[in-house]
Amino acid sequence: MKKLVLLFLSVAFLMACNQSSDKAKTEEQAEHSHTEATELSLNNGAKWKSDSSTNHNVSNLENIASSFKIKSSPSTNDYQKLSKDLGNGLNKMIQECKMSGPDHDALHQWLEPILAETNQLKTTADTAAAVVSFKSIDERIEAYHTYFE
């Protein structure tokens with residue numbers, strides 16, 4: 001069930017972003033660029049270009065994570081609420097996505113682990129597992145500025 005939800009979120013993100021992608025790409029090229037599982041890296045030593053909407057939405061995710069970090073001893077319910085808040089922020093990012101090309105593909109490499117971990121938090125019943133998921137999300141959000149400008 002978790003995998004199905006993750007797949008649905010990923011497909012929704014890809015479809016929303018693909019609407020503004022370069023129309024000249026063939027369907028096969030578009031599919032390949034979204035399914036290739038490579039580690040996020042710099043663009044030949046330079047940061048990837050992102051647009052103002054993406055940067056604004058990442059700032060929103062940073063605020064959500066920062067607000068959560070100040071909680072002392074969060075419960076599983078707190079983590080589930082965090083998942084909802086992050087999900088809303090991610091959905092907004094998806095809806096406003098206008099990026100395309102290699103920069104867009106790099107954004108997916110950055111974002112997909114956040115989607116997966118956010119999905120894990122939705123149904124968490126184990127606080128220790130939730131701590132690990134949130135740490136991964138937080139580190140990934142903080143890494144955004146290492147890879148994007």
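Begin with the whole chain coloured by secondary structure: this predicted model contains six helices and zero strands, and following the chain along its sequence gives the pattern α-α-α-α-α-α. With all 149 residues of the chain still selected, colour by burial, and 40% of them come out as buried. If you then display the contacts with a separation of 6 or more, 82% of them join residues 24 or more positions apart. Switching to a surface view shows an accessible surface of about 8500 Å², with carbon and sulfur atoms accounting for 54% of that area.

Next, select residues 101-122, which form helix α5. Does the length of this helix agree with what its 22 residues should span? At 1.5 Å a residue the expected span is 32 Å, and because the C-alpha atoms at the two ends are 31 Å apart, the expectation and the model agree. While α5 is on screen, centre the view on Leu111, where the helix bends by about 30 degrees, and then look for the proline that follows within four residues, Pro113.

Keep α5 and add residues 76-95, helix α4, to the selection. Two packed helices are described by the angle between their axes and the distance between the axes. Here the axes of α4 and α5 come within 8 Å and cross at roughly 145 degrees, and the crossing is left-handed. To see what makes the contact, show side chains on the α4 side for Tyr79, Gln80, Leu82, Ser83, Leu86, Gly87, Leu90 and Met93, and on the α5 side for Trp110, Leu111, Ile114, Leu115, Thr118, Leu121 and Lys122. Leu111, where α5 bends, is thus among the contact residues as well.

Stay in α5 and move to Asp105. Is this residue buried or exposed? Its relative accessible area is 18%, and because that is under the 20% cut-off, Asp105 counts as buried. Draw a distance from its C-alpha atom to that of Leu40, and you will find 9.6 Å between two residues that are 65 residues apart along the chain.

Finish in the loops, with backbone torsions displayed. Most residues other than glycine have a negative phi. Asn44, in the loop between α2 (27-35) and α3 (52-69), instead has a positive phi near 55 degrees, and this residue is exposed, with a relative accessible area of 79%. Then select Ser73 in the loop between α3 and α4: Ser73 is not a glycine either, yet its phi is positive at about 50 degrees, and with a relative accessible area of 72% Ser73 is exposed.

Terms used. Residues are numbered from 1 along each chain as its sequence is written. This is a predicted model: local features need pLDDT of at least 70, side-chain atom pairs count only at pLDDT 80 or more; totals for chains, interfaces and linings use all residues. Side-chain values use heavy atoms; hydrogens and water are left out. The expected span of a helix is 1.5 Å times one less than its number of residues. The bend at a residue is the angle between axes fitted to the seven residues ending there and the seven starting there. Buried means under 20% relative accessible area, exposed over 50%, partly exposed in between (1.4 Å probe, protein chains only). Contact means heavy atoms within 4.5 Å. Accessible areas come from the Shrake-Rupley method with a 1.4 Å probe; for residues, only the protein chains shown count as cover. Axes are lines fitted to C-alpha atoms, for helices over the stretch in contact, and angles run from 0 to 180 degrees between N-to-C directions. A crossing is left-handed if the near helix is turned anticlockwise from the far one by less than a right angle, and right-handed if clockwise.
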